[in-house]
Amino acid sequence: MKEIEKFLRENKPQVKDDPAFILEARRRMEQVEGIKAEVDRQRGRGRRALIVALVAGLALGMAASALAFFYPVNAVSVDEGLWQSFRLFLQEYKLLLIYPIAALAITLSLVLSRKTTVQ
Amino acid sequence: MTRERFIDEVRQQQEPLRRFLLALCGGNAPLADDIAQEALVRAYVASGSFLGLSKFSTWLFRIAYNCYIDHCRKSRPEETPLREAESVLAADGADRSFRYQQLYLALERLPEKERAAIALFYFEDRSIKEIASILQMPQGTVKYHLSLGRNHLKDML
């Protein structure tokens with residue numbers, strides 16, 4: 001067993017210091033930094049788009065709610081038939097409908113703004 | 001860790017790291033250097049998470065070993081690269097070159113863990129504790145793999 005140990009210690013694989021190896025490593029690290037910077041830029045853009053979408057969605061939702069609240073539909077002046085039924089339905093459930101629509105708009109904005117990729 | 005500091009550390013570890021991978025790759029120097037470069041990129045990307053709980057070299061060797069394992073999983077086992085060993089080492093003399101060929105052939109036949117344990121213990125003079133940290137196994141298991149590796153090499157050399 002001692003012979004094997006001696007053989008291994010005396011025959012270490014020889015590797016010489018190679019400046020080209022470090023140069024290649026440096027080049028790859030620069031590439032990594034470029035990718036990191038691009039990812040950070042894309043993330044920043046995504047975050048800004050997210051905030052804009054959130055604010056816009058909230059503002060539009062609030063505006064729609066305010067409009068429905070302060071200017072209610074006059075059901076008497078509406079034509080009869082299917083259209084009237086639809087308008088009555090809207091009048092009855094306008095507040096209930098506005099919230100899910102606003103929520104949907106916000107969700108869609110969030111989802112779409114997150115679809116950013118690094119080329 | 002800044003890029004320059006990282007490169008300084010790498011410059012110090014270049015030789016041992018490449019020697020370790022060369023032993024793992026059975027003397028295939030281009031493959032060993034490719035894996036070393038990949039390991040450096042991985043290490044650089046993860047350098048923010050290096051907390052200094054272990055030595056930089058131990059951390060780097062662990063990443064390199066994982067890269068080597070990934071490479072083995074991806075690719076089929078290659079033929080023993082006698083030509084590379086011969087061409088790289090012919091300058092050192094025919095006798096030495098022959099011994100290297102013998103050594104690489106024997107190392108190639110060892111299971112990965114035994115090969116890694118042997119390379120770290122005998123070529124890099126690492127302690128059992130460090131080897132355990134690099135190979136992510138208990139110290140007793142490292143000793144077991146070293147013992148098995150030595151016995152296998154004794155039969156082959």
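## Exercises on the core and the contacts

**Exercise 1.** In this predicted model, find the residues that touch the most other members of the largest nonpolar core. Then say which helix gives the most to this core.

*Solution.* The largest nonpolar core holds 52 residues. B:Phe20, B:Leu21, B:Ile35 and B:Ala64 touch the most other members. Next, the helix. α2 of chain B, residues 29-45, gives the most, with 9 residues.

**Exercise 2.** List what B:Leu21 touches, leaving out residues up to four places away in sequence.

*Solution.* B:Leu21 touches B:Ala32, B:Ile35 and B:Ala36. B:Leu21 also touches B:Ala64 and B:Tyr68.

**Exercise 3.** Describe how α2(B) and α3(B), residues 56-74, cross.

*Solution.* Start with the axes. They come within 9 Å and cross at roughly 125 degrees. Angles of 65 to 115 degrees count as roughly perpendicular, and over 145 as roughly antiparallel. The angle fits neither range, so α2(B) is oblique to α3(B). The crossing is right-handed.

Now the residues. α2(B) brings B:Ile35, B:Ala36, B:Glu38, B:Ala39, B:Arg42 and B:Ala43. α3(B) brings B:Leu60, B:Ile63, B:Ala64, B:Cys67, B:Tyr68 and B:His71. By class, the contact has 9 nonpolar, 1 polar and 2 charged residues.

**Exercise 4.** Characterise the side of chain A that touches chain B.

*Solution.* Count first: 20 residues of chain A are in contact with 28 residues of chain B. Then the helices: α1 (2-10) and α2 (19-70) of chain A each supply at least two residues of this side. α2(A) gives the most, with 8 residues. Last, the classes: 11 nonpolar, 2 polar and 7 charged residues.

Terms used:
Residues are numbered from 1 along each chain as its sequence is written. Chains are lettered from A and ligands numbered from 1 in the order in which they are written. This is a predicted model: local features need pLDDT of at least 70, side-chain atom pairs count only at pLDDT 80 or more; totals for chains, interfaces and linings use all residues. Two residues are in contact if their C-beta atoms, placed from the backbone, lie within 7 Å. Helices (H or I, at least four residues) and strands (E, at least two) are DSSP runs, numbered from the N terminus. Ala, Val, Leu, Ile, Met, Phe, Trp, Tyr, Cys and Pro count as nonpolar, Asp, Glu, Lys and Arg as charged, and the others, Gly among them, as polar. A nonpolar core is a set of buried Ala, Val, Leu, Ile, Met, Phe, Trp, Tyr and Cys residues joined through C-beta atoms within 7 Å. A residue is buried if 20 or more other C-beta atoms lie within 10 Å of its own, exposed if 12 or fewer, and partly exposed in between; C-beta atoms are placed from the backbone. Axes are lines fitted to C-alpha atoms, for helices over the stretch in contact, and angles run from 0 to 180 degrees between N-to-C directions. Angles under 35 degrees count as roughly parallel, over 145 as roughly antiparallel, 65 to 115 as roughly perpendicular and the rest as oblique. A crossing is left-handed if the near helix is turned anticlockwise from the far one by less than a right angle, and right-handed if clockwise.
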